[in-house]
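Me: I should like to learn how to read the features of a protein model, one at a time. Could you guide me through this one?

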Amino acid sequence: MYAIVDIETTGGHASANGITEIAICIHNGKKVIERYSTLVNPQRDIPIYISALTGITNDMVRDAPLFEDVAHDVYHLLNGKIFVAHNVNFDHSFVRHHLLASGYDLQCNKLCTVRLGRKILPGLPSYSLGKLCHHLGITNESRHRAAGDAEATAQLFTLLLQSDKGNHIPDALKQRSKEQVLPPHLPKNDLEQLPNMPGVYYFHDQKGKVIYVGKAKNLKKRVSSHFSGNNPGLQRQEFLRNICHITYQQCGTELIAFVLEAVEIKRLWPKYNRSLKRFEHAYALYAFEDQSGYLRLAVDKHRKYNTPLYTCNTLLEGHSLLVKLIETFDLCPKLCFIQRNTEPCIGNAKASCACTGHESADDYNKKVNLAIDELKQALPTYAIRDEGRTGEENSCILIEKGQFYGMGYISHYFDVDNLQQLKNHLTPYPGNDYIKNMVSNYATRFPERKVVFA
């Protein structure tokens, strides 16, 4: 027995929206044998644009029953049946969420007539309910109303049952099948092709644009987890509506996957990635020449298009480094913006200081350049050599003078002893403190995989 369901709602995800109308057609595999339909008071205003689409207004639902008042009837109509809907995960997420809120835990198999339509009736220009029904000659006099759409979906489902020569419906109902949990527009083969290996995966929308990038220790397992469960939140529901294709890059290690994910999010700026978008260098140490010809060191907010000598997450960290350079190389605190008052330089009893003009720019700049050279030499250069994608190669990440240079794959027999030769085999990538700190922590945990360059 099948329960063909359609709902109208106040918005796009169940956790923050209500149901305004629900219709259920009980189908015995040949025809509809029972119908149920009711308006529902969602206990919140219906947005104007939704009223314009459905024709359901606040006045119409004001005296309608609350969902909790019809939950008993809805649950017993659905329980033990196969839940069928056009884009089933949307309707199921709403119905299950509101049934749970009313004390009923609905557990049932699902079938999506969008996915089934693509398999049983391939090659059609569109699989939206309206255009599909128009193409197949199914009349729907009440479009965007639950009863009308449920009845049209029931007719569509009858046709799909009759046309299913490839047993797609029984296959979708098998316990191991992923069909019922996948987004409606995502081919099952996209999931099946994923390897059980570390890597980075990309969700694409209908136009092919990347809308989400993720990393995984096991690609197939991680991607599958996006479609499991019954999360009624906005992000999951938008995933289900917009994911149409999945591509991936296999990586040798989870660390490579972590780094590549960070790089790709910065490169592609996908719509649904949020956390790594916000990561930026907070502060940086810069060198510049003033109008008098003096080289000056300063800690400032990180500027995207300026090249820093050193980056850091806090102003205190930057100032601590700068104070050490001042003390070690006898630099002027005023020219380094550490001392900002009109008093003589801190710790400098001599009158011949650069800030007073008594020390020439050439002499002072020599000290600044020595400080910069010392800073660069103190920053480490090393590689992380680790497992590759096959037994014939190794993965390699290079940190040069404290900054992420790039990564790639080298032959298992390649001798990592020449920095320039190694760089010729790697792909340079833009880096940031997130990547640098991640690689540094990994090198600390696994020192045997670290190759240090003198």
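Reply: The turns below take up sheets, helices, cores and cysteines in order. Please note that this is a predicted model.

Me: Let us begin with sheets. In what order do the 5 strands of the open sheet stand, and what is the sense of their pairing?

Reply: To read a sheet, list its strands from one edge to the other. Here the order is β3-β2-β1-β4-β5, and the pairing is mixed. The edge strands are β3 (32-39) and β5 (110-112), each of which pairs on one side only. On average, and with direction ignored, neighbouring strands of this sheet are turned by 20° against each other.

Me: Which pairs of strands in this sheet run antiparallel, and how many bridges join β1 to β2?

Reply: One takes the pairs one by one. Strands β1 and β2 run antiparallel and are joined by 8 bridges; within this pair, Val5 has Ile24 of β2 as its bridge partner. Strands β2 and β3 also run antiparallel, with 7 bridges between them, and Ile22 stands opposite Thr38 in β3. The hairpin of β2 and β3 has 4 residues between the strands, and there Gly29 takes a positive phi near 100°.

Me: In what sense do strand β1 and strand β4 pair?

Reply: Strand β1 (residues 2-9) pairs with strand β4 (residues 82-85) in the parallel sense, over 3 bridges. One point to locate in the view is Ile4, whose bridge partner in β4 is Val84.

Me: How many residues of strand β2 are buried?

Reply: For this one looks at the relative accessible area of each residue, where buried means under 20%. In strand β2 (residues 19-27), 9 of the 9 residues are buried, so the strand is largely enclosed by the rest of the structure.

Me: Which residues have the most contacts inside the largest nonpolar core?

Reply: The general idea comes before the case. In soluble globular proteins, nonpolar side chains tend to be buried together. The largest nonpolar core of this model has 54 residues, and those with the most contacts inside it are Ile22, Ile24, Val74, Leu78, Phe83, Val95 and Leu111. When neighbours within four places in sequence are left aside, the contacts of Leu111 include Tyr2, Phe83, Leu116, Phe157 and Leu173. Apart from this core lies another, of 26 residues, with Leu325, Cys332, Cys345 and Tyr364 among them.

Me: How should the length of a helix be checked, and what span is expected of helix α12?

Reply: One compares the distance between the end C-alpha atoms with the expected span. Helix α12 (residues 254-268) has 15 residues, which at 1.5 Å a residue should span 21 Å; the end C-alpha atoms are 21 Å apart, in agreement. The buried residues of α12 include Leu255, Val259, Glu261 and Glu264. Just after α12, Trp269 takes a positive phi of about 50°. Helix α7 (residues 146-163), with 18 residues, reaches 25 Å from its first C-alpha to its last, close to the 26 Å expected. Among the buried residues of α7 are Gly148, Asp149, Phe157 and Leu160.

Me: In what order do the strands of the 3-strand open sheet stand, and which helix packs on that sheet?

Reply: The order is β10-β9-β11, and the pairing is antiparallel. Strands β10 (295-301) and β11 (310-312) stand at the edges with a single partner strand each, so one side of each is left without a neighbour in the sheet. Neighbouring strands are turned by 30° against each other on average, direction ignored. Strand β9 (residues 283-289) pairs with β11 over 3 bridges, and Leu285 has Tyr310 of β11 as its bridge partner. Helix α13 (residues 315-329) packs on the sheet and touches β9, β10 and β11, its direction making about 165° with that of β10. Helix α14 lies across β9, β10 and β11 and runs at about 50° to β10.

Me: Is Asn369 of helix α14 buried or partly exposed?

Reply: Asn369 belongs to helix α14 (residues 361-378). Its relative accessible area is 37%, and therefore Asn369 is partly exposed. The C-alpha atoms of Asn369 and Phe329 are separated by 9.7 Å, although the two residues are 40 apart along the chain.

Me: Finally, how many disulfides does the structure hold?

Reply: A disulfide is a covalent bond between the sulfur atoms of two cysteines. This structure holds 0 disulfides. Cys396 is in no disulfide, and the nearest cysteine sulfur, that of Cys251, is 14 Å away. Cys396 counts as buried at 0% relative accessibility, and Cys353 counts as buried at 5%.

Key
Residues numbered from 1 in each chain as written. Predicted model: local features only at pLDDT ≥ 70, side-chain atom pairs only at ≥ 80, totals over all residues. Heavy atoms only, no water. Helix = DSSP H or I, 4+ residues; strand = E, 2+ residues; numbered from the N terminus. Buried < 20%, exposed > 50% of the residue type's maximum accessible area, 1.4 Å probe, protein only. Disulfide = S-S within 2.5 Å. Core = buried A, V, L, I, M, F, W, Y, C linked by side-chain atoms within 4.5 Å. Contact = heavy atoms within 4.5 Å. Pairing = 2+ DSSP bridges. Axes fitted to C-alpha atoms, helices over the stretch in contact; angles between N-to-C directions. Expected span 1.5 Å × (residues − 1).
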